[in-house]
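Me: Please take a close look at the part of this model where aromatic rings meet, and then follow the chain outward from there. I would like one connected account, with the cut-off behind each term stated as it comes up.

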Amino acid sequence: MKHAVGALLVVALAAGPARAQSQEGNSSALAEQLFNQGRDLIKANQWAEACPKFEASLRYDPVLGTRLNLATCYEHIGKLASAWGLYRESIELAKKAGDTRRAEYAQKQAAELEPRLPKLAISAPASPPAGFAVKRDDTTVDAGAL
């Protein structure tokens, strides 16, 4: 009986990492499938349909290439601030990975987008009344940013 419990424990311990690797492999495979679907949609000039594919792919496997494709997709559908943010994030990620080609590409794209970004200026009273708050998209703007 003691040996049976020990054997079950060894099998259970061995199965744990295998299951985790399998789930990780499934996520990578799903991410790649979604990425490829996004690329096919881009080739068909269906940018609005491609972006959700890249978003989902990025959730399953947050790799640099998907991030850059999503940024380009956002740029084409007019989500300039989102595209710019992804390009900026990609610059640092590419540098950390030693990928100078992608870092330079992301830097170039971000720089080209910057003049086109929408700007928001908020003027608050010098002595705001009690309970005064400024919200942007249901998010309170930090008083220090006013």
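Reply: A search of the whole structure finds 2 aromatic pairs, where a pair means that the ring centres of Phe, Tyr or Trp (its six-membered ring) lie within 6.5 Å, with planes under 30 degrees apart called stacked, over 60 edge-to-face and the rest tilted. The model is predicted, with local features requiring pLDDT of at least 70 and side-chain atom pairs 80 or more, while totals for chains, interfaces and linings use all residues. Numbering starts from 1 along each chain as its sequence is written, and side-chain values use heavy atoms without hydrogens or water.

One of the pairs is formed by Y87 and Y105, whose ring centres are 6.2 Å apart and whose planes stand at 80°, which puts the contact in the edge-to-face class. Y87 belongs to helix α4 (residues 80–97) and Y105 to helix α5 (residues 100–113), so this contact ties together parts of the chain that are 18 residues apart in sequence; helices (H or I, at least four residues) and strands (E, at least two) are DSSP runs counted from the N terminus. The two tyrosines can also be set side by side by their accessibility. Y87 is buried, with a relative accessible area of 0%, whereas Y105 is partly exposed at 32%, buried being under 20%, exposed over 50% and partly exposed in between (1.4 Å probe, protein chains only).

The helices that carry this pair, α4 and α5, pack at an angle of about 155°, and their axes are 8 Å apart, the axes being lines fitted to C-alpha atoms over the stretch in contact and the angles running from 0 to 180 degrees between N-to-C directions. The two helices are therefore roughly antiparallel to each other (over 145 degrees; under 35 is roughly parallel, 65 to 115 roughly perpendicular and the rest oblique). On the N-terminal side, α3 and α4 also pack at an angle of about 155°, with an axis separation of 8 Å, and that makes α3 roughly antiparallel to α4.

Helix α3 deserves a longer look. Of its 13 residues, 12 are buried, so α3 is largely enclosed by the rest of the structure. Among the buried residues of α3 are L64, G65, R67, L70, A71, Y74 and E75, and after the helix comes G78, which has a positive phi, near 90°. N69 has its place in this helix too, and with a relative accessibility of 14% N69 counts as buried. The C-alpha of N69 lies 8.7 Å from the C-alpha of G38, although N69 and G38 are 31 residues apart in sequence.

Helix α3 also takes part in a covalent link. The count of disulfides (pairs of cysteine sulfur atoms within 2.5 Å) comes to 1, and it joins C51 to C73 with an S to S distance of 2.2 Å. This disulfide links distant parts of the chain, since C51 sits in helix α2 (residues 47–60) and C73 in helix α3 (residues 64–76), 22 residues apart. The torsion about the S-S bond of C51 and C73 is about -115°, so the disulfide is left-handed. Both cysteines, C51 and C73, are buried.

Further back along the chain, the loop between α1 (2–43) and α2 contains N45. N45 has a positive phi, near 60°, in a residue other than glycine, and at 57% relative accessibility N45 is classed as exposed. Within helix α1 itself lies L30, which is partly exposed with a relative accessible area of 30%. The C-alpha atoms of L30 and A56 are separated by 9.1 Å, and the two residues are 26 residues apart along the chain.

To place these details in the whole, the secondary structure of the protein comes to 5 helices and 2 strands, which follow one another from the N terminus in the order α-α-α-α-α-β-β. Across the 146 residues of the protein, 27% are buried. Returning to the starting point, the tyrosine pair combines a buried Y87 with a partly exposed Y105.
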